[in-house]
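Subject: Structure for you to look at

Hello,

I am passing on the structure we spoke about. Please open it alongside this message; my notes come after it.

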Amino acid sequence: MRWILVIIAIIALLVGYSYITTANGPIAPLGRDGFVKFLNPDMYPGHPHSKLLAKYADERGSKTALVVHFGGSSNYRSYQEGDVYIIEMAFIDTQGTGAAGQTDYLDSLKVAIFGIPDGRYKFKSDGMIFNTYDDAMNHINTLAKAHGQTGPIPMVWHGTARSGNPILVQGCGFPLYFDILEKTYGIIPAYFYTITGMFFPYFNNPTAFYEIQHATELQNLYTQGDLNYD
C-alpha cells in the first residue's frame, strides 16, 4: 500500500510541476486534432479539422491557434478561420523519408528519449523554409502578435495518419509538437502534455469515433486521390 501512495504522490508532483510550468507560458498545449484525413489539402478554411481548431481557440479566448505538421509538398500557409487566425508550421526531417514515407518507430523512440539532434530539422511555414527552430518560432510569434494574440497560443498536432491504425499511429506533426514543448517547457511537461494530448480528441473531437471506425476507407480514398477537393 505504501508504494502505491508513493507512486500517486510522485505523479501528483509531476502533474503539478507541468501545470505550473506551462500556466503562464507562450504555448497552450492541447493535443491531437484529428485521426485521419477527410479532404486534401489537409487544412484550409472550412475544413472540418480547421473549424475544430478554431473552436478550441474561441473557447479559450484566443485570436490565433497553431497546428504543426510533418512537412510534405504543402506551403503550410496560415489563414483566417472565422475569428481565429490559424498558423501552420511543419518540420522537415533531413534524415527522414518525408511525410508519405514509412514511420521509423525505433528512430522516433530515440528522439523521444534523447531529443532531436541539433540541425536535424528544418521548418516550413507560409511557403518559407527556416533552418533553425528559433527563426521558425520568431515567424510564428510575429504572426500571432500581428493578429491580436495576447496570452498563450493554443497548439495542436494535426494527427492525421495516412496509413495504419490511427489509435496507435499518432500521425502528422507529432514529433514537432513534442519538440516545441520540450524546448519551451522542458522534458517533464513535454512528456506529460504529449501523453495527455493523445487522449484529447477522444473527449473533444465530435468526429473522433467516425474517423477511427472508417479509418481504412478514408485512408484508401486519400491515397488514391479521391479526397482531393480541387
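The notes below go through a few strands, one histidine, one helix and the nonpolar cores.

Please keep in mind that this is a predicted model.

I started from strand β5, residues 121-125, where four of the five residues are buried. On one side β5 pairs with strand β4 (residues 84-93) in the antiparallel sense, over four bridges. Phe 91 is the residue that stands opposite Phe 123 in this pairing. Strand β6 (residues 128-130) is also antiparallel to β5, and three bridges join the two. There, Lys 124 stands opposite Ile 129. β5 and β6 make a hairpin with two residues between them. One residue in that turn, Asp 126, has a positive phi of about 55 degrees.

Asp 126 also takes part in a side-chain contact: its side chain makes a polar contact with that of His 139, at 2.7 Å. His 139 belongs to helix α4, residues 133-146. Is His 139 buried or exposed? Its relative accessible area is 14%, and the cut-off for buried is under 20%, so His 139 counts as buried. Beyond its neighbours within four places in sequence, His 139 is in contact with Ser 125, Asp 126, Met 128 and Phe 130.

Phe 123 of β5 turns up again in the largest nonpolar core, which has 27 residues. Phe 123 is among those with the most contacts inside this core, together with Ile 27, Leu 66, Met 89 and Ile 180. The elements that give two or more residues to the core are β2 (64-70), β4, β5, α4, β7 (153-157), α5 (174-185) and α6 (187-204). Leaving aside neighbours within four places in sequence, the contacts of Phe 123 include Met 89, Phe 91, Met 128, Phe 130, Tyr 133, Ala 136 and Leu 176. A second, separate core has 14 residues, including Ala 57, Tyr 79, Val 156 and Phe 200.

Ala 57 is also one of the buried residues of helix α2, along with His 49, Ser 50, Leu 52, Leu 53, Ala 54 and Tyr 56. Does the length of α2 fall where it should, and what span is expected? The helix has twelve residues (48-59), so at 1.5 Å a residue it should span 16 Å; the end C-alpha atoms are 17 Å apart, which agrees. After α2 comes Gly 61, with a positive phi near 70 degrees.

Regards

Notes. Residues numbered from 1 in each chain as written. Predicted model: local features only at pLDDT ≥ 70, side-chain atom pairs only at ≥ 80, totals over all residues. Heavy atoms only, no water. Buried < 20%, exposed > 50% of the residue type's maximum accessible area, 1.4 Å probe, protein only. Pairing = 2+ DSSP bridges. Polar contact = N/O pair within 3.5 Å; in protein donor to acceptor, adjacent residues only side chain to side chain. Contact = heavy atoms within 4.5 Å. Expected span 1.5 Å × (residues − 1). Core = buried A, V, L, I, M, F, W, Y, C linked by side-chain atoms within 4.5 Å.
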